[in-house]
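User: I'd like to go through this structure with you and ask why certain labels apply. Could you walk me through the reasoning?

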Amino acid sequence: MIRTLVLVEGDSDAAAVRALADLVGCDLGSRRIQIWPAGGVTNFPKVLAELVRGNPRAGFCGLYDVADERHVRRALENASLGAAPHESLDASGFFACVDDLEDELIRALGTGAVERVLEAQAELNSFRRFQAMPQHRHSPVHRQLRRFLGTRATRKIRCAQSLVEAMDPGQLPSPLVQLAARLLGPTSR
């Protein structure tokens with residue numbers, strides 16, 4: 001029986017949450033926690049409603065991008081888990097990333113550490129070529145990194161996990177700190 005379901009937008013977010021669980025010592029299996037990528041935030045309402053119907057005793061939590069809050073609110077309302085319109089979604093266990101999770105991870109680690117992760121994955125030369133492209137040449141490194149990570153789905157998945165693995169718990173950005181507390185805390189709904 002699943003005790004907690006973690007709803008995230010996609011596979012890269014799921015990989016990052018698995019790495020987060022490892023980082024904070026949360027054994028997902030023994031705690032009966034399942035991470036569920038929705039295949040896009042617009043799928044949250046349908047997916048969450050199905051998950052609640054199929055797992056009525058489970059607790060629910062997740063991550064989302066601030067710009068997509070309306071989709072998460074609608075999902076919570078459709079699943080009868082809704083927060084009041086003026087309430088933060090934190091109380092419902094859904095934690096907002098300012099732009100997206102990759103942006104949070106890059107800011108938390110710093111661009112130098114992110115470049116070291118890329119180097120360890122044999123991606124730094126590709127990033128340097130990306131930086132030299134006319135359309136990216138004058139952008140801040142942070143923005144270049146964020147854009148580069150999203151250019152291939154496999155890179156985004158691999159890097160999201162590696163960026164979390166490169167952190168110590170004190171470096172975690174706020175949405176991951178909140179989610180970690182939820183994963184390690186009581187699982188009641």
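User: Which residues do ring pairs link into a cluster?

Analyst: Happy to help! This is a predicted model, and in it Phe-127, Phe-130 and Phe-148 are joined into a cluster by ring pairs.

User: What makes Phe-127 and Phe-130 a stacked pair?

Analyst: Their ring centres lie 6.4 Å apart, with 20° between the planes. Rings pair if the centres are within 6.5 Å, and planes under 30 degrees apart count as stacked, so both conditions are met. The two residues sit in helix H6, 3 residues apart, or about one turn of the helix.

User: Why is the pair of Phe-127 and Phe-148 called edge-to-face?

Analyst: Here the planes stand at 65° and the centres at 5.3 Å. An angle over 60 counts as edge-to-face, therefore the name applies. This pair links distant parts of the chain, with Phe-127 in helix H6 and Phe-148 in helix H7, 21 residues apart.

User: How do you know whether Phe-127, Phe-130 and Phe-148 are buried or exposed?

Analyst: The cut-off for buried is under 20% relative accessible area. Phe-127 has 0%, so Phe-127 is buried. Phe-130, at 7%, is buried too, and so is Phe-148 at 2%.

User: What sits over the ring of Phe-148?

Analyst: That is the charged end of Arg-155, 3.8 Å from the ring centre. The distance limit is within 6 Å, so 3.8 Å satisfies that part of the rule.

User: Why does Arg-32 count as partly exposed, and why is Ser-80 called exposed?

Analyst: Arg-32 has 38% relative accessibility, which falls between the 20% and 50% cut-offs, so "partly exposed" is the right label. Ser-80 reaches 66%, and because exposed means over 50%, the label fits. Each residue also has a positive phi without being a glycine: near 55° for Arg-32 and about 60° for Ser-80. Arg-32 belongs to the loop between helix H1 and strand S2, while Ser-80 is in the loop between helix H3 and strand S4.

User: What makes the contact of H4 with H8 5 nonpolar and 2 charged residues?

Analyst: First, the geometry: the helices pack at an angle of about 40°, with axes 10 Å apart. H4 contributes Glu-102, Leu-105 and Leu-109, and H8 contributes Lys-156, Ala-160, Leu-163 and Val-164. Leu, Ala and Val count as nonpolar, Glu and Lys as charged, so the contact has 5 nonpolar, no polar and 2 charged residues.

Definitions and conventions
Residues numbered from 1 in each chain as written. Predicted model: local features only at pLDDT ≥ 70, side-chain atom pairs only at ≥ 80, totals over all residues. Heavy atoms only, no water. Helix = DSSP H or I, 4+ residues; strand = E, 2+ residues; numbered from the N terminus. Buried < 20%, exposed > 50% of the residue type's maximum accessible area, 1.4 Å probe, protein only. Axes fitted to C-alpha atoms, helices over the stretch in contact; angles between N-to-C directions. Contact = heavy atoms within 4.5 Å. Phe/Tyr/Trp six-rings, centres within 6.5 Å; stacked < 30°, edge-to-face > 60°. Lys NZ or Arg CZ within 6 Å of the ring centre and 35° of its normal.
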